[in-house]
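Thank you all for making the time this morning. I would like to walk you through one model, going from single residues to helix pairs and then to the cores, and I will give the cut-offs as the terms come up.

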Amino acid sequence: MIDKERLFLFEKAPIKKSVWELSFPTIVSMLVVVLYNMVDTFFVGQLQDPNKVAAVAVATPVFLFLMAAGNIFGVGGSTFISRALGKKEMDKVKHISSFCFYAGIVTGLAGSLIFLLLGEPILRTAGASDYTIGYASGYLRIIAWGAPLVVISNTFSNLVRGEGAAKTSMRGMLLGTFANIILDPIFILPSFTIGKITIPLIGWGVEGAAFATVLGNVFSVIYYIVFAVSDKSIMSLSLKEFKMRNGIFSGVFLIGLPASLNSVLMSMSNILLNNVLVSYGDIAIAAMGVAMKANMLVIFIQIGLSAGVQPLLGYSYGAGNKERLQATAKYTMKANVLIGFVLSIVYMFVAPTIISVFINNDEVISFGTLMLRALMISPTFLGIMFVNEFAFQAMGKAKESLLLSISRQGFVFIPVLFVAKALAGLNGIILAQPAADIASVFISLWMYRNILRKDPILSQSQR
């Protein structure tokens, strides 16, 4: 059974308490994801070679495809588990978690095979030039060997959160990230100097960054497996509990695929952006790569707040508690708007300093500052869209979740990118993402309003 503390947060605690109790660990977890993405770029940047930084920028969107695969089973399974808990269907929780675990392993192995066989052409498509392809290929080759670990780690961080154990999800991600941060300089840098003492390190450069990332995921996966087989978890990893029928497969995939598609489109939009920027040189690609990673700090805090309340939204929906669901969504939107506004103002002032932390190159700093300030136009409003997106997933609204997933990075961003480039060149390219973000916020609000009006559960009176 679900423990009393989690049940209290789901059913009776004040909205403010429930939101922050569930969301704070998730926000920390999202910051961990940002660190995962930033530390590689930071330490590779210490090699003072823009081509190596550009190589990591090119390989990162490809790496995110593995995160997308994890989202199929992580987000899809997590929201399904939350709704099952709301309906008190404990056996179904075990079937869902076992299915997601083994399906994630198979998917990760498939990713390994694809990256090992087709890594170089994929990276060429992603925008790798003759100067960066060697570094990027080395990075992706090592990531490929650890692909199942990346998928399972991302899957578990969501599944654990789905049963209300947000702090456990956070601890697992922190463990992997701290391992990555410690190992990155050891594997990337050739040496480390303290005063007059120089300590020799492994010095594998870009490939070292990939190796540290894989090892970080090893630690996270071990931690999550230990939790999942303990008495503290409702989940099961037993093959005996593995089921695909009775709505398990469809329940996971109907929500997991749109969530995964969001990550896929994020990767594809970055790939497309790199290809559009390639005519402006590898410096522009490196600068946008750094700016996008710096921007992730703001975006992932908002995503963390939104993802944190997803189990509460799913439980409330499963229990038919319309009032609690709406109050949670409204409070979270207000909090996200405030967070986005404050952080955007801060970033506008310190953008050059942030970019220079990653690499001490005047051209990259100049381009990156302009790009980062442009990206800060939309976060004040963007948090509203994230709340709606996770609410749709929590309620099992596959169609709406899919439509919103393909809006921001898909059918809105792509045409805006090409139109903006045609009208304003590089400046247009830089402004394309914030313009697409703001348009997507209005789309999400329209969709949320329609769901509240038409959904049979939400239209019922409070139980």
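When I say helix, I mean a DSSP run of H or I with at least four residues, while a strand is a run of E with at least two, and both are numbered from the N terminus. What you see is a predicted model, in which local features need pLDDT of at least 70 and side-chain atom pairs count only at pLDDT 80 or more, whereas totals for chains, interfaces and linings use all residues. Residues are numbered from 1 along each chain as its sequence is written, and side-chain values use heavy atoms, with hydrogens and water left out.

Let me start with Val-75, which is found in helix α3. Buried here means under 20% relative accessible area, exposed means over 50%, and partly exposed is what lies in between, with a 1.4 Å probe and protein chains only. At 5% relative accessibility, Val-75 therefore counts as buried. From its C-alpha atom to that of Leu-174 the separation is 19 Å, and the two residues are 99 apart along the chain.

Helix α4, residues 90-125, holds Thr-107, and Lys-92 has its place in α4 as well. Thr-107 is partly exposed, because its relative accessibility is 26%, and Lys-92 is also partly exposed, with a relative accessible area of 24%. Contact, as I use the word, means heavy atoms within 4.5 Å. Leaving aside neighbours within four places in sequence, Thr-107 is in contact with Ala-69 and Phe-73, while Lys-92, with residues up to four places away not counted, touches Phe-80, Ala-84, Asn-246 and Ile-248. The C-alpha atoms of Thr-107 and Ile-152 are separated by 9.3 Å, with their positions 45 residues apart along the chain; for Lys-92 and Met-288, 196 residues apart, the C-alpha separation is 44 Å.

Is Ser-23 buried or exposed? This serine, in helix α2 (residues 15-45), is buried, with a relative accessible area of 0%. Beyond its neighbours within four places in sequence, Ser-23 is in contact with Gly-304, Leu-305, Gly-308 and Val-309.

That brings us to helix α11, residues 310-318, which is mostly covered, with 9 of its 9 residues buried; among them are Pro-311, Leu-313, Tyr-315 and Tyr-317. Just after α11, Gly-320 takes a positive phi of about 70°. Gly-320 is found in the loop between α11 and α12 (322-358), and it is buried, with a relative accessible area of 6%. Although Gly-320 and Gly-86 are 234 residues apart in sequence, they are 8.6 Å apart in space, C-alpha to C-alpha.

Now to the helix pairs, for which axes are lines fitted to C-alpha atoms, for helices over the stretch in contact, and angles run from 0 to 180 degrees between N-to-C directions. Angles under 35 degrees count as roughly parallel, over 145 as roughly antiparallel, 65 to 115 as roughly perpendicular, and the rest as oblique. The axes of α5 (residues 133-145) and α8 (residues 206-228) come within 8 Å and cross at roughly 20°, and α5 and α8 are therefore roughly parallel to each other. The residues of this α5 and α8 contact divide into 9 nonpolar, 2 polar and 2 charged, where Ala, Val, Leu, Ile, Met, Phe, Trp, Tyr, Cys and Pro count as nonpolar, Asp, Glu, Lys and Arg as charged, and the others, Gly among them, as polar.

The other pair is α10 (residues 282-308) and α12, which pack at an angle of about 160° with their axes 9 Å apart. That makes α10 roughly antiparallel to α12. By class, the contact of α10 with α12 has 14 nonpolar, 6 polar and no charged residues.

Finally, the cores. A nonpolar core is a set of buried Ala, Val, Leu, Ile, Met, Phe, Trp, Tyr and Cys residues joined through side-chain atoms within 4.5 Å. Which members of the largest one touch the most others? Of its 72 residues, they are Leu-66, Leu-123, Leu-277 and Leu-372. Helix α3, residues 50-86, gives the largest share of this core, 13 residues. A second, separate core of 36 residues includes Met-90, Ile-96, Phe-99 and Tyr-315.
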